[in-house]
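Subject: Structure for you to look at

Hi,

Here is the structure I promised to pass on. Please open it alongside this message and follow along.

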Amino acid sequence: NKGCHLVGYFSKEKNSFDGYNLSCILTLPPFQRKGHGQFMMAFSYELSKREEKPGTPERPLSDLGYIGYRSYWIRVLLHALHKAQGHMSIREMSFTTGIRSEDVVSTLQGLNFIRYWKGQH
């Protein structure tokens with residue numbers, strides 16, 4: 001049981017027209033709910049930051065994919081807001097985290113941190 005074990009994988013398009021930073025993610029059943037999926041998500045966003053292109057996962061997301069990403073986005077965005085002492089634009093959050101601005105907005109709206117009113121966030 002020592003050595004390397006395959007726990008899952010993810011795939012990424014090299015040049016995604018739609019800005020996808022992750023096409024497919026899979027964690028094998030014996031290794032689920034141990035943080036491997038979140039690790040792969042974080043790795044894909046680190047690649048996005050290095051490329052200076054905020055990304056998003058390929059749509060549509062499965063139910064479990066949506067739950068996993070929403071959890072990841074909440075954790076990362078709250079950490080970024082905490083570091084910035086609560087003062088950060090959507091654009092800054094997107095650039096800092098590598099998360100596409102549409103996902104930033106939908107996550108913050110889900111937390112009731114921002115509202116869309118008269119054409120503005």
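Below is what was found in it, from the whole chain down to single residues.

**Overall**

Keep in mind that this is a predicted model. The chain has 4 helices and 4 strands. Along the sequence they come in the order β-β-β-α-β-α-α-α. The C-alpha atoms fill a box of roughly 55 × 30 × 25 Å along the principal axes. Of the 121 residues, 30% are buried. The accessible surface is about 8600 Å², and carbon and sulfur atoms account for 56% of that. Take the contacts between residues at least 6 apart in sequence: 55% of them join residues at least 24 apart.

**Helix packing**

Look at α2 (residues 63–83) and α4 (residues 101–110). Their axes are 10 Å apart and meet at an angle of about 90°. An angle from 65 to 115 degrees counts as roughly perpendicular, so α2 and α4 fall in that class. On the α2 side, the contact is made by R70, W73, I74, L77 and L81. On the α4 side, D103, V104, S106, T107 and L108 take part.

S106 sits in helix α4. S106 is partly exposed, at 26% relative accessible area. From S106 to K49 is 57 residues in sequence and 20 Å in space, C-alpha to C-alpha.

**Salt bridges**

How many salt bridges does a search of the whole structure find? The count is 4. Three of the pairs are worth a look, starting with K12 and E51.

K12 and E51 form a salt bridge, with their closest N and O atoms 3.5 Å apart. K12 lies in the loop between β1 (8–11) and β2 (20–22), and E51 lies in helix α1, so this pair ties together parts that are 39 residues apart in sequence. Both ends are partly exposed: K12 has a relative accessible area of 26%, and E51 has 36%.

E46 and K49 also meet in a salt bridge, at 2.9 Å from N to O. These two are 3 residues apart in helix α1, which means about one helical turn separates them. E46 is partly exposed at 38% relative accessibility. K49 is partly exposed too, at 30%.

E102 pairs with R100, with the closest N and O atoms 3.2 Å apart. E102 is partly exposed at 47% relative accessibility. R100 is partly exposed as well, with a relative accessible area of 25%.

**The loop between α1 and β4**

P54 is in the loop between α1 (36–51) and β4 (56–57). Is P54 buried or exposed? Neither label fits: P54 is partly exposed, with a relative accessible area of 32%. Leaving out residues up to four places away in sequence, P54 touches G19, S94, G98, I99 and R100. R100 is also the salt-bridge partner of E102. Y20 is 34 residues from P54 in sequence, yet their C-alpha atoms are 8.8 Å apart.

E52 lies in the loop between α1 and β4 as well. E52 is exposed, at 59% relative accessibility.

**Backbone points to check**

Most residues other than glycine have a negative phi, and most peptide bonds are trans. Three places here go the other way.

- E52 is not a glycine, but has a positive phi of about 55°.
- N112 is not a glycine either, and has a positive phi of about 60°. N112 is in the segment after α4 and is exposed, with a relative accessible area of 60%.
- The peptide bond from R59 to P60 is cis, with omega near 0°. P60 lies in the loop between β4 and α2.

**A surface patch**

Which residues form a nonpolar patch on the surface? They are L64, Y66 and I67. Together they have about 350 Å² of accessible area. L64 belongs to helix α2. L64 counts as exposed because its relative accessibility is 69%, and the cut-off for exposed is over 50%.

Best wishes

How values were computed: Residues are numbered from 1 along each chain as its sequence is written. This is a predicted model: local features need pLDDT of at least 70, side-chain atom pairs count only at pLDDT 80 or more; totals for chains, interfaces and linings use all residues. Side-chain values use heavy atoms; hydrogens and water are left out. Patches are made of residues with over 30% relative accessible area and no salt bridge: like charges are joined within 9 Å, nonpolar side chains (Val, Leu, Ile, Met, Phe, Trp, Tyr) within 5 Å. Accessible areas come from the Shrake-Rupley method with a 1.4 Å probe; for residues, only the protein chains shown count as cover. A salt bridge is a side-chain nitrogen of Lys or Arg within 4 Å of a carboxyl oxygen of Asp or Glu. Buried means under 20% relative accessible area, exposed over 50%, partly exposed in between (1.4 Å probe, protein chains only). Axes are lines fitted to C-alpha atoms, for helices over the stretch in contact, and angles run from 0 to 180 degrees between N-to-C directions. Angles under 35 degrees count as roughly parallel, over 145 as roughly antiparallel, 65 to 115 as roughly perpendicular and the rest as oblique. Contact means heavy atoms within 4.5 Å.
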